[in-house]
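Colleague: I would like a close look at one part of this model, the place where some of its helices pack against each other. Please take me through it slowly.

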Amino acid sequence: MNNQKIINSRLFMELRSKIDSYIAIPSLSRNEGEFIAYLKGKLAEGDIPEYYSVTEVDDTLRIASRVPSKNTIFSHADRVPTAGKPKTNIITMQGELYLESQLDNAVSIAVMMHLIEQHTPVNWVITTREECCANQYQIVNYIEEHPGYSFLDLDIDVTDNIDRDIFSGVVSIRNGDNFMPFNKELISELRASADVLGIKHVAKDGDWMIDEMGMALCTLCNQRNLDRDTLHENMRFAYLGIPIWNYHTAKEFTHPAAMVNAVRVLAEFAKLPCTQVS
């Protein structure tokens with residue numbers, strides 16, 4: 001699917017509509033209650049309760065698939081202080097259309113909520129307090145309560161390579177972050193899901209990045225006195241990123257293709273036998 005078709009697609013229009021709603025709701029670290037309440041209300045609409053059960057634990061929303069699954073996808077609800085005022089718009093840049101606003105992390109929540117509305121059979125966790133580096137404890141608690149699961153973090157990915165990561169509409173599937181490498185087996189499965197759809201992805205090795213999943217696993221290692229290399233080999237965790245430019249400003253921007261491709265990759269990944277309970 002070329003970029004113009006993606007921009008005009010119903011899927012992108014749905015994602016954009018969600019983002020329009022989200023960025024109008026304040027959701028700052030340690031003060032995400034209004035946004036969480038809004039999302040909880042949306043999760044009670046239509047037939048969603050037939051497919052998921054929703055609970056609030058540790059100031060998070062845990063959205064458990066009623067179709068048994070051993071795959072959980074995390075994303076976070078909080079944003080930087082520029083949030084809370086409608087700023088979304090479509091801008092023209094070098095002949096292409098881009099979505100510009102304070103997008104961290106409304107874009108990932110939009111992807112997640114779309115997949116939930118499509119009844120994608122995985123579990124979801126919406127965390128809080130990420131911007132003040134406190135949501136790793138929420139993630140650790142969930143991981144310890146769900147041994148044997150696979151864990152994915154869905155987030156924005158800050159880029160300084162606009163040609164590679166923004167103009168092309170790729171998704172980011174990293175090998176690791178500054179804390180530790182991610183699980184090679186799960187990374188391979190995620191990349192295979194992109195490859196079968198013909199979706200371009202980048203590993204971005206060597207780029208600086210601190211991810212809450214890596215931070216959570218580092219915390220887990222310290223709590224259990226575990227070796228990091230052993231952990232990343234024996235626990236299935238990985239990351240899918242939506243590249244953005246102008247990080248932590250009111251003018252972050254990304255390509256519509258990146259959001260649409262994140263939806264498609266995760267929907268394909270959810271079909272894999274490894275993500276399902278036998």
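Modeller: What follows goes from the whole chain to the helix packing, and then to the aromatic rings and one buried residue.

The model is predicted. Its protein chain has 11 helices and 11 strands. Of its 278 residues, 54% count as buried. Among the contacts with a separation of 6 or more, 79% are between residues 24 or more positions apart.

Take helix 5 as the centre of the close look; helix 5 covers residues 106-117. Helix 2, residues 10-22, packs against helix 5 at an angle of about 125 degrees, with the two axes 9 Å apart. Angles from 65 to 115 degrees count as roughly perpendicular and angles over 145 as roughly antiparallel, and helix 2 and helix 5 are therefore oblique to each other. Their crossing is right-handed. On the side of helix 2, the contact is made by Leu11, Glu14, Leu15, Lys18, Ile19 and Tyr22. On the side of helix 5, the residues are Ala106, Val107, Ile109, Ala110, Val111, Met113, His114 and Glu117. By class, this contact has 10 nonpolar, 1 polar and 3 charged residues.

Helix 3, residues 33-43, also comes up to helix 5: the axes come within 11 Å and cross at roughly 20 degrees. Angles under 35 degrees count as roughly parallel, so helix 3 and helix 5 are described as roughly parallel to each other. The crossing of helix 3 and helix 5 is right-handed. Here Phe35, Leu39, Lys42 and Leu43 of helix 3 meet Ile109, Met113 and Ile116 of helix 5. These residues divide into 6 nonpolar, no polar and 1 charged. Ile109 and Met113 of helix 5 appear in the contact with helix 2 and also in the contact with helix 3.

Helix 2 and helix 3 are linked by a pair of rings as well. The whole structure holds 8 aromatic pairs. One of them joins tyrosine 22 and tyrosine 38 in an edge-to-face arrangement, 6.2 Å centre to centre with 80 degrees between the planes. Tyrosine 22 lies in helix 2 and tyrosine 38 in helix 3, so the pair ties together parts 16 residues apart in sequence. Tyrosine 22 has a relative accessible area of 3% and is buried, whereas tyrosine 38, at 26%, is partly exposed.

For comparison, consider a second ring pair. Phenylalanine 182 and tyrosine 239 form a tilted pair, 6.5 Å centre to centre and with 35 degrees between the planes. Phenylalanine 182 sits in the loop between strand 8 and helix 8, and tyrosine 239 sits in strand 10, 57 residues apart. Both of these residues are buried. Phe74, Tyr142, Tyr149 and Phe151 form one aromatic cluster.

The last stop is asparagine 261, placed in helix 11, residues 256-269. Asparagine 261 is buried, with a relative accessible area of 8%. Leaving out residues up to four places away in sequence, asparagine 261 touches Gly169, Val171 and Ile199. The C-alpha atoms of asparagine 261 and glycine 198 are separated by 9.8 Å, although the two residues are 63 residues apart along the chain.

Terms used: Residues are numbered from 1 along each chain as its sequence is written. This is a predicted model: local features need pLDDT of at least 70, side-chain atom pairs count only at pLDDT 80 or more; totals for chains, interfaces and linings use all residues. Side-chain values use heavy atoms; hydrogens and water are left out. Axes are lines fitted to C-alpha atoms, for helices over the stretch in contact, and angles run from 0 to 180 degrees between N-to-C directions. Helices (H or I, at least four residues) and strands (E, at least two) are DSSP runs, numbered from the N terminus. A crossing is left-handed if the near helix is turned anticlockwise from the far one by less than a right angle, and right-handed if clockwise. Contact means heavy atoms within 4.5 Å. Ala, Val, Leu, Ile, Met, Phe, Trp, Tyr, Cys and Pro count as nonpolar, Asp, Glu, Lys and Arg as charged, and the others, Gly among them, as polar. Rings of Phe, Tyr and Trp (its six-membered ring) pair if their centres lie within 6.5 Å; planes under 30 degrees apart count as stacked, over 60 as edge-to-face and the rest as tilted. Buried means under 20% relative accessible area, exposed over 50%, partly exposed in between (1.4 Å probe, protein chains only).
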